[in-house]
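The following exercises invite a reader new to this structure to work through it step by step. Each task is followed by a worked solution.

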Amino acid sequence: MLTRRFFLIAGGTVGGLGAVLSITPPQFGATTGLGTGTSLSGGTTATPLASPTPAATHKATTTPTKKPTKGAGGGTKPTPTKTPAPVTTPKPAGGVSGTFTGASANTAYGPVQVQIVVVNGKITNAIALTYPNNSFRDKQINSQAIPFLVQETLAAQSANIQGVGGASYTSQGWANSLQSALKKAGL
Amino acid sequence: MANKRRTGDLGVGRRINADWASILMGLGLGLTLALEIDTMTSGDWSGVYSSITSISRLAALSGSYFALVGLVFVARIPWIEKSVGHDKLVKWHRMLGPWSLYLILFHVLLVGLGYAGGDRVSTAAELWRMTLKYPWMIPADIGFLLMMIAGVTSYKKARAKMSYETWWTVHLYTYLAVALGFMHQVLTGPMFTGHPLNKIFWEGLYIATAAVILLWRFVIPLMRSLRHNLRVDQIVVEGPGVVSIVMRGRHLDRLNAQGGQFFSWRFITSGQWWISHPYSLSAAPTEHHMRVTVKNLGDASGAVLGIKPGTRVFFEGPYGTFVASKAARGHIVLVGGGVGITPLRALLEEFDATKEIDVLYRVGDEKELVFRKELDAIAAWRGARVHYLIGDRKQHPMDARYISKLVPAFSDSDVYICGPTGLVETVRKAARDVGIPKDRFHNEEFEFHSVE
């Protein structure tokens, strides 16, 4: 009687878990690439971390500060066409282009510095040059949060982003630094 | 006394419902584990310490899930109560509770160890740092402590040492504990960071749990108490330290309560409105009256003595499956020890006339006898034998031989017992010795009721 019930519970557990995993396959292999906005700029909202990340290596994760150029270079190609709809701005073609680095914004956990790549007045990529990673915990939070911030930035095309729940400080710092980068770009 | 309205063990129907409940519970656990598993990336298991924190999160999720399910089990949701049965739900609640605690304890230790390893500091220092640095960690710590205290006090040996009321008050804090843990989960848990669907699922789980508890443990009992307008009618001294509280109300028959069941009572006086007492009915309820009989056992049953007629009574119930409809045999043996006779006194009225009944009423001293007149009157009216067994254990060993001599049909009876643990265990052994199957031995633990 008791073992039967145990099997029923276990069966339900496997069923529930299996159902979710079959709908959205887990991404054990994926790294949450920091500074590799490329992987996320065109990603769908459902599984943003899921998109394959050719540019993302473990190195990129741990030392994002060294990789700005790589991230920037990678981001230029595929993104503009894919950038989601909210940017139906009537901006004339042939706007600003270039890489702009925002001022470092201080947060309670450390500074955040954002670099953006702009092509024809559109943000095509964004990366974190600096972000709080003093503790293991900070690293974990931000390795989850920054890809979303990149995505939000590309969607909003402004510093007016929602931010990521659970990483409110980093989000705020990101928005501030992004604001200054946008200013430099004249956007 | 019609037996139709009785809800006893419904057998197959109940089992199927319990099976569905098991599957549903497993399904929820699967979805809960998926929160973590589906959001893990290679970074979460790339090193020893990352793996430790990932495991700690699985423990946290499943521990929290079990805590919620444990609360839902005792939330008095009518269709669950009806289909699974209150006794079984309390049993499950007791089985699940410790697991929830172990898993959450495991989470705290592992998350400390994992982060400490990553940051290369001691686990204690890391736990302290996390408490100070991350949002809602101080409430979470407090919740954790409350939960552990509730766990320790529910441990059999600890629980036996305190009064029901003390235990109950401490246990009540687990609601707070579960609530306090919530915010740190959604704010710092990586499975929720940037995963709005996960967050909605988890918040939904908590909100739904809170809603059913609020509705069925607060709003509905309150409304029923007001509707039936139950008040203390009179207090009757039955013997030394033993009093009966007779309560009067409207349409009490609609509660479908039976002799042998208990309610959770709350006497609305300035001193004790905040505490509820689990007392069995000591007489079969009528349309206007219910009666409980209390001995000065715990710290609060003493306070009950000071309750005045007219005091409003809030109640939850009826609960319990210590009821006449559980009997399968033609012969019934009711064994009462001391004040444990009270639910049996109520039960005695409930058996239909075809049952043959022997009552064994065990007391150390004649002064302790209560309800003698009532027992004799019911016995004469419906036909039952009441054996007053007064004296020490040598005179009345209550073993198989002794009981069989008193009641020749003992081995072919349903046994109902309520009394001190020593007596219950002695008679349980006697019943086993004469071959009475487990499910024909009905035990009402009167020291601690299973109201949770």
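**Exercise 1. Determine how many helices and strands chain B holds, and what part of its residues is buried.**

In this predicted model, the secondary structure of chain B amounts to 14 helices and 11 strands. Turning next to burial, one finds that chain B has 452 residues, of which 44% are buried. As a last step, consider the contacts in chain B between residues at least 6 apart in sequence: 75% of these join residues at least 24 apart.

**Exercise 2. Decide whether helix α11 of chain B is enclosed, and give the reason.**

Begin with the residues themselves: I341(B), T342(B), P343(B), L344(B), R345(B), A346(B), L347(B) and L348(B) of α11(B) are buried. Since a residue counts as buried if 20 or more other C-beta atoms lie within 10 Å of its own, the next step is to set the count against the length of the helix. Eight of the eight residues of α11(B), which spans residues 341-348, are buried, and therefore this helix is largely enclosed by the rest of the structure.

**Exercise 3. Work out the strand order of the open three-stranded sheet in chain B, and find which strands stand at its edges.**

The order of the strands is β1-β2-β5 in chain B, and their pairing is antiparallel. Because β1 (231-239) and β5 (289-295) of chain B each have a single partner strand, they stand at the edges, and one side of each is left without a neighbour in the sheet. Neighbouring strands of this sheet are, on average and with direction ignored, turned by 20° against each other. Looking at one pair in detail, β1(B) and β2(B), the latter covering residues 242-248, are joined in the antiparallel sense over seven bridges, and I235(B) stands opposite I245(B) of β2(B).

**Exercise 4. Describe how α4 and α6 of chain B pack against each other.**

The axes of α4(B) and α6(B), the latter being residues 137-154, are 10 Å apart, and the helices pack at an angle of about 140°, which means that α4(B) is oblique to α6(B). The crossing of the two helices is left-handed. On the side of α4(B) the contact is made by G97(B), P98(B), L101(B), I104(B) and V108(B), and on the side of α6(B) by F144(B), M147(B), M148(B), G151(B) and S154(B). Sorted by class, this contact has seven nonpolar and three polar residues, with no charged residues.

**Exercise 5. Establish which helix supplies the largest share of the side of chain B that touches chain A.**

The contact takes 36 residues from chain A and 30 residues from chain B. On the side of chain B, α1 (12-37), α4 (86-119) and α8 (164-188) each supply at least two residues, and the largest share, 14 residues, comes from α1(B). By class, this side has 15 nonpolar, 11 polar and four charged residues.

Conventions:
Residues are numbered from 1 along each chain as its sequence is written. Chains are lettered from A and ligands numbered from 1 in the order in which they are written. This is a predicted model: local features need pLDDT of at least 70, side-chain atom pairs count only at pLDDT 80 or more; totals for chains, interfaces and linings use all residues. Two residues are in contact if their C-beta atoms, placed from the backbone, lie within 7 Å. Helices (H or I, at least four residues) and strands (E, at least two) are DSSP runs, numbered from the N terminus. Ala, Val, Leu, Ile, Met, Phe, Trp, Tyr, Cys and Pro count as nonpolar, Asp, Glu, Lys and Arg as charged, and the others, Gly among them, as polar. A residue is buried if 20 or more other C-beta atoms lie within 10 Å of its own, exposed if 12 or fewer, and partly exposed in between; C-beta atoms are placed from the backbone. Two strands pair if DSSP finds at least two bridges between them. Axes are lines fitted to C-alpha atoms, for helices over the stretch in contact, and angles run from 0 to 180 degrees between N-to-C directions. Angles under 35 degrees count as roughly parallel, over 145 as roughly antiparallel, 65 to 115 as roughly perpendicular and the rest as oblique. A crossing is left-handed if the near helix is turned anticlockwise from the far one by less than a right angle, and right-handed if clockwise.
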